Amino acid sequence: MARDSEREEVHEYLLLNRIFEEKVLEEYEDSGIPELPHLSIGQEAVGVGGTFAFEADDWLAPSLRTRAVMLMRLSLRDVVTGMYGTKSSPTEGRTTQHHLGSSENHILGTTGLIGSHLNVAVGAGLSARQLDEDRVTGVFFGDGAATRGEFHTAINYAAVEDLPVVFILENNQWIEETPAMDVIAVEENISEMAGHDIPKEVIDGQDVDVVLESVSGAVERARSGEGPTLIEAKTYRYRPHAEVIPERRDEKEIEEWKERDPVHLHEERILDDGLVDEEWIEAKRAEITEEVNSAFEFAKNDPMPAEDVMYQVYKDTEIDENGGVVR
Ligand SMILES: Cc1ncc(C[n+]2csc(CCOP(=O)(O)OP(=O)(O)O)c2C)c(N)n1
C-alpha cells in the first residue's frame, strides 16, 4: 500500500477522474461536446493506480478510455480544450483528446485502431534499452484490443528481448456490445491467451490499492532488467461503450458492479483508517468540482482553430498564397 500522504493523493485523483467524467456526461447531454465521450466511470482504479505506479518520465500509452493518464499528466485545461478541439488545445485543434500525445509529459499518442499502440509501447521500451535510459513504458488496453494480433506480437517481442514494458489489460468484460468471453477462446482470464513466458497477474481492478501494488511490482521488475509483465485488471464501465451506442447489457449486471465502486471502496478504507474525515472528502470534492467547471468554462469560450490549422501538421510546413502546402 502507498504511504499515507500518497493514499490521500491517490484519492484526490480518483475523485478528479470521477468528477471530471460526470461533468463530461453532463455537458455532452446539455450542449454537446465535439468529441464523443467514451467514459471511464467505474474503472477509475485501473487508470489511477496504474498511472500512479510510474515515474513522471516513464512513458505511458493510454487506451482511448484511460482518462486517468491524461488527467494525471496534463493540465485540466489541456484535457478539456483537447476534447473541444479549440485553439488553445495542446495541438491547436489538430487532434482530439482521445489521441493526444505529449512528449513533454511522456504520453504516447495513440491511433484510432485499438491495440495498435501495443507495438508502439514496445518500441518505446526498445528505445529505452538502446539509449541506455532508465525508463519503463506502461501500456493500457482493453479486452477488445487483446483480440488483435498486436497483443501477441507486442508481448512476444517484449518477452524475447526482456524489454521494460508493463502491459495493463483493462478487462471491462465488454467489447462495445459484445461480451468479451463470447469471442475469446479461454476459460476464465483473457491473459491466458498470452502463452508467452512472462509474469502474468489477474487482479481486482476495482481496488486501487491492489492495482497500485501489482503495477508497482511490475514497474520495479522492468526497471531492474527483469523484463515485461502482463496485468489483467478486472473492471467494469458503468456507461455504454460510447454515449451514442445503445445499452444492451443487463441492468442487474451493471448494478452488481456498482456495489464495488472503486471510489467508494477507497473512500471507505481511508475513512476507516482515520487518514481523512468526511470534511476532508467534502472539501476536496468542492475544490476539484470548481477546478473542473472552470476548465470547461474556458474551453467553451475558447475560439476554434485558425483555418490553416490542417496544413500545419508537420513541423516547418510552408503554405502558398492559395493555402496549398509548399513543402
Ligand atoms: C482495429 C479496430 N477495430 C475496430 C475498431 C472499432 N472499435 C472502437 S472501440 C472498440 C471496442 C474496444 O473494446 P476494448 O478494447 O475492450 O476497450 P473498451 O472500449 O472496452 O475500453 C471497437 C471494436 C477500432 N477502433 N479499431
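**Close-up views of the ligand site, pockets and cavities**

A nitrogen atom of the ligand lies 2.7 Å from a polar backbone atom of Gly112. This contact, like every feature described in these legends, belongs to a predicted model.

**View 1. Polar contacts between the ligand and the protein backbone.** In addition to the nitrogen contact with Gly112, the ligand places an oxygen atom 2.7 Å from a polar backbone atom of Gly144. An oxygen atom of the ligand is also found 3.3 Å from a polar backbone atom of Trp174. Of the 580 Å² of accessible area that the ligand has on its own, the protein covers 75%.

**View 2. The shell of residues around the ligand.** The ligand is surrounded by 14 residues, of which Arg65, Gly112, Gly144, Ala145 and Asn172 come nearest. Gly112 and Gly144 therefore appear both here and among the backbone contacts within 3.5 Å. By class, the shell comprises five nonpolar, five polar and four charged residues.

**View 3. The largest pocket, which holds the ligand.** The ligand sits in this pocket, whose volume is about 450 Å³. Its lining is made up of 25 residues, and those closest to the centre of the pocket are Leu64, Arg65, Ile114, Gly142 and His241. Strand E2 (137-142) and strand E4 (174-175) are the elements that give two or more residues to this lining. The lining residues divide into eight nonpolar, 12 polar and five charged. Arg65 is one of the residues closest to the pocket centre and also one of those that come nearest to the ligand.

**View 4. The second largest pocket.** This pocket encloses about 220 Å³ of space. Its lining consists of Glu9, Tyr13, Thr51, Phe52, Phe54, Glu55, Ala56, Met72, Arg73 and Asn105. Two or more lining residues come from each of helix H1 (4-30), H2 and H3. Five of the lining residues are nonpolar, two are polar and three are charged.

**View 5. The largest cavity.** The structure holds two cavities of 30 Å³ or more, and the largest has a volume of about 50 Å³. The residues that line the largest cavity are Trp174, Glu176, Glu177, Arg237, Pro240, His241, Ile245, Pro246, Glu247, Arg248 and Arg249. Six of these are charged, four are nonpolar and one is polar. Two names recur from the preceding views: Trp174 lines this cavity and has a polar backbone atom 3.3 Å from an oxygen atom of the ligand, while His241 lines this cavity and is one of the residues closest to the centre of the largest pocket.

**View 6. The second largest cavity.** The volume of this cavity is about 40 Å³. Asn17, Ser40, Gln43, Glu44, Gly47, Arg65, Thr66, Arg67, Ala68 and Glu170 form its lining. Helix H2 (44-52) and helix H3 (67-73) each supply at least two of these residues. H2 and H3 also contribute to the lining of the second largest pocket. The cavity lining has one nonpolar, five polar and four charged residues. Arg65 belongs to this lining and is likewise among the residues that come nearest to the ligand.

Key:
Residues are numbered from 1 along each chain as its sequence is written. This is a predicted model: local features need pLDDT of at least 70, side-chain atom pairs count only at pLDDT 80 or more; totals for chains, interfaces and linings use all residues. Side-chain values use heavy atoms; hydrogens and water are left out. A residue is near a molecule or strand if one of its heavy atoms lies within 4 Å of it. A polar contact is a pair of N or O atoms within 3.5 Å; within protein, one must be able to donate a hydrogen and the other to accept it, and residues adjacent in sequence count only if both atoms are side-chain atoms. Accessible areas come from the Shrake-Rupley method with a 1.4 Å probe; for residues, only the protein chains shown count as cover. On a 1 Å grid over the protein atoms alone, a cavity is a set of points where a 1.4 Å probe fits but cannot get out, and a pocket is an open set with protein on both sides within 12 Å along at least five of seven lines; lining residues have an atom within 4 Å of a point. A molecule sits in a cavity or pocket if more than half of its atoms lie within 2 Å of its grid points. Ala, Val, Leu, Ile, Met, Phe, Trp, Tyr, Cys and Pro count as nonpolar, Asp, Glu, Lys and Arg as charged, and the others, Gly among them, as polar. Grid points are joined across faces, edges and corners, and a volume is the space filled by probe spheres set on the points. Helices (H or I, at least four residues) and strands (E, at least two) are DSSP runs, numbered from the N terminus.
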